[in-house]
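Reader: I should be grateful for a close look at a single part of this molecule, with an account of its surroundings. Please state the terms as you use them.

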Amino acid sequence: MKIIWAVLIGLFFASNTLASPATELFREASFYMSFHYHGYSSVKPEELSKSLGNQLEAACQPKGESCSFSDARPYIERLAQGMRDGHTYYLSPSTYRTTLTQFSGINPNPNPLYGISLGNLNSRN
């Protein structure tokens, strides 16, 4: 019994040490997309993740464990775009920071990028 546990623990650590940062980031994004996506797209996130994950693995194979987060980002962006629902999209880290700043009220731009505009459509001049 101890041998079985030792083998299982060894396999667990071996599989985790072989994964590159790009693979880990993509797995995390795939998990969240599969678990938290409740949109109306007919595309199944699990199937799309598997296809894009295989493409990422092929692209990272020459680099091995040095395949970085930046190598995974285009595949994560394709995962979001692949849902084709018009509401799911990828924000790069810099775009995310900019968006956070704009919506937190710290935006130095006097012209907001969001808001509501009201007007009378029946007014006659």
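Author: A suitable place to begin is L56, which, its neighbours within four places in sequence left aside, is in contact with A22, T23, F26, D71, A72 and Y75; contact means heavy atoms within 4.5 Å. The model is a predicted one, in which local features need pLDDT of at least 70 and side-chain atom pairs count only at pLDDT 80 or more, while totals for chains, interfaces and linings use all residues. Residues are numbered from 1 along each chain as its sequence is written, and side-chain values use heavy atoms, with hydrogens and water left out.

L56 and F26 are the residues with the most contacts inside the largest nonpolar core, which has 16 residues. A nonpolar core is a set of buried Ala, Val, Leu, Ile, Met, Phe, Trp, Tyr and Cys residues joined through side-chain atoms within 4.5 Å; buried means under 20% relative accessible area, exposed over 50%, and partly exposed in between, with a 1.4 Å probe and protein chains only. At least two residues of this core come from each of α2 (21-36), α3 (45-60) and α4 (69-81), and α4 gives the most, with five residues. Helices here are DSSP runs (H or I, at least four residues), numbered from the N terminus.

Turning to α2, its buried residues are A22, T23, F26, S30 and M33. They lie on the same side of α2, because they cover an arc of only 95° around the axis; the arc is that of the directions from the helix axis to the C-beta atoms. An α-helix has 3.6 residues a turn, so residues three or four places apart point the same way. Among what covers the buried residues of α2 are α3 and α4. The length of α2 also agrees with expectation: at 1.5 Å a residue its 16 residues should span 22 Å, and its end C-alpha atoms are 22 Å apart. The expected span is 1.5 Å times one less than the number of residues.

α2 also gives the most to the lining of the largest pocket, with five residues. Residues that line this pocket include L25, E28, A29, Y32 and M33, together with R73, I76 and L79. On a 1 Å grid over the protein atoms alone, a pocket is an open set of points with protein on both sides within 12 Å along at least five of seven lines, where a 1.4 Å probe fits, and lining residues have an atom within 4 Å of a point. M33 thus appears both among the buried residues of α2 and in the pocket lining.
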